[in-house]
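Subject: Structure handover

Hello,

Here is the structure I said I would pass on. My notes on it follow below the display.

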Amino acid sequence: PSGSLFSINGYFDFMKKSQHGAHRISAYQIFKENFLFGSGFKSFKNVCPKNEQSRKYLCSSHPHNIYFELLSDIGIIGFLIFNLIFLFPVIIFFQKRNNLDIGSKIFFVLFITFIFPLKPHGSLFTTSYASMLWFLYALNLYFISYEKKK
């Protein structure tokens with residue numbers, strides 16, 4: 001059905017009802033106009049009010065989701081590069097998961113919850129969220145590459 005949550009129009013109707021959802025729709029509208037390379041770093045707050053489609057939903061300093069922020073700011077090219085960078089420790093973790101201690105697994109779970117795509121996030125480029133994200137990324141790289149001495 002066209003009005004169900006599982007259709008594009010139904011999903012947009014559902015998202016418009018929440019503030020974070022409206023920010024994501026605005027980011028998507030900006031992304032559609034700047035598909036490959038985006039509108040530039042930290043540009044959401046400047047581009048959103050000027051974009052006719054985005055202005056219909058809601059504008060803020062950032063879209064409150066790192067994935068939508070990446071798509072609107074650096075386009076599909078930057079989005080793919082970012083996801084490849086974050087996929088690296090995930091792949092290594094699953095290759096070494098049986099040889100890792102509980103601390104390494106806890107830091108991995110923290111990292112995954114930090115980058116979970118459906119939750120609201122701080123701005124990737126300007127908040128303390130980004131500092132914590134890169135800190136957890138580095139800790140995960142350290143712990144999954146650390147070899148225990150026997």
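I start with the surface of this predicted model. A nonpolar patch there is formed by Phe35, Leu36, Phe37, Ile77, Ile81, Ile85 and Trp134, which together have about 680 Å² of accessible area. Helix H5 is the largest contributor to the nonpolar patch, giving three residues. Ile81 is placed in helix H5.

Overall fold

The protein has seven helices and zero strands. Read from the N terminus, the order of elements is α-α-α-α-α-α-α. Of its 150 residues, 41% count as buried.

Helix H2 was checked for length. It has 15 residues, which at 1.5 Å a residue should span 21 Å, and the C-alpha atoms at its ends are 22 Å apart, so the two values agree. The buried residues of H2 are Gly21, Ala22, His23, Arg24, Ile25, Ser26, Ala27, Gln29, Ile30 and Phe31.

Aromatic pairs

There are 16 aromatic pairs in the structure. In one of them, the ring centres of Phe93 and Phe94 are 5.3 Å apart and the planes stand at 85°, so this pair is edge-to-face; the angle is over the 60 degrees needed for that label. The two residues can also be described by their accessibility. Phe93 counts as buried because its relative accessibility is 7%, while Phe94, with a relative accessible area of 43%, is partly exposed.

Phe114 and Tyr129 make a stacked pair, because their ring centres are 4.7 Å apart and their planes are at 5°. This pair links distant parts of the chain: Phe114 belongs to helix H6 (residues 102–114) and Tyr129 to helix H7 (residues 128–145), with their positions 15 residues apart in sequence. Tyr129 has a relative accessible area of 10%, so it is buried. Phe114 has a further neighbour, Lys119, which lies over the face of the ring at 5.4 Å from its centre.

Ring pairs also join Phe82, Phe86, Phe111, Trp134 and Tyr137 into a cluster. Trp134 appears in this cluster and is also listed in the nonpolar patch.

Two loop residues with positive phi

Which residue between helix H2 and helix H3 should be looked at? Lys42 lies in that loop, between H2 (19–33) and H3 (44–47). Lys42 has a positive phi of about 50°, although it is not a glycine. Its relative accessibility is 46%, so Lys42 counts as partly exposed.

The other case is His64, which is placed in the loop between helix H4 (52–55) and helix H5 (66–96). The phi of His64 is near 65°, again a positive value in a residue other than glycine. Is His64 buried or exposed? With a relative accessible area of 17%, His64 is buried, as the cut-off for that word is under 20%.

Contacts between parts of the chain

Three pairs of positions are listed here by the separation of their C-alpha atoms.

- Leu70 and Gly38 are 32 residues apart in sequence, and their C-alpha atoms are 8.1 Å apart in space. Leu70 is in helix H5 and is buried, at a relative accessible area of 1%.
- Gly75 and Leu36 are 39 residues apart in sequence, with 4.8 Å between their C-alpha atoms. Gly75 also lies in helix H5, and it is buried, with a relative accessible area of 0%. Leu36 is one of the residues in the nonpolar patch.
- Ile112 and Val90 are 22 residues apart along the chain, and their C-alpha atoms are separated by 8.7 Å. Ile112 is found in helix H6 and counts as partly exposed, at 29% relative accessibility.

If you open the model, the nonpolar patch with Ile81 and Trp134 is one place to begin. The stacked pair of Phe114 and Tyr129 is another, and Lys119 over the face of Phe114 can be viewed along with it.

Regards

Notes. Residues numbered from 1 in each chain as written. Predicted model: local features only at pLDDT ≥ 70, side-chain atom pairs only at ≥ 80, totals over all residues. Heavy atoms only, no water. Phe/Tyr/Trp six-rings, centres within 6.5 Å; stacked < 30°, edge-to-face > 60°. Buried < 20%, exposed > 50% of the residue type's maximum accessible area, 1.4 Å probe, protein only. Helix = DSSP H or I, 4+ residues; strand = E, 2+ residues; numbered from the N terminus. Lys NZ or Arg CZ within 6 Å of the ring centre and 35° of its normal. Patch = residues over 30% accessible without salt bridge, like charges linked within 9 Å, V, L, I, M, F, W, Y side chains within 5 Å. Areas by Shrake-Rupley, 256 points an atom, 1.4 Å probe, with all protein chains shown as cover. Salt bridge = Lys/Arg side-chain N within 4 Å of Asp/Glu carboxyl O. Expected span 1.5 Å × (residues − 1).
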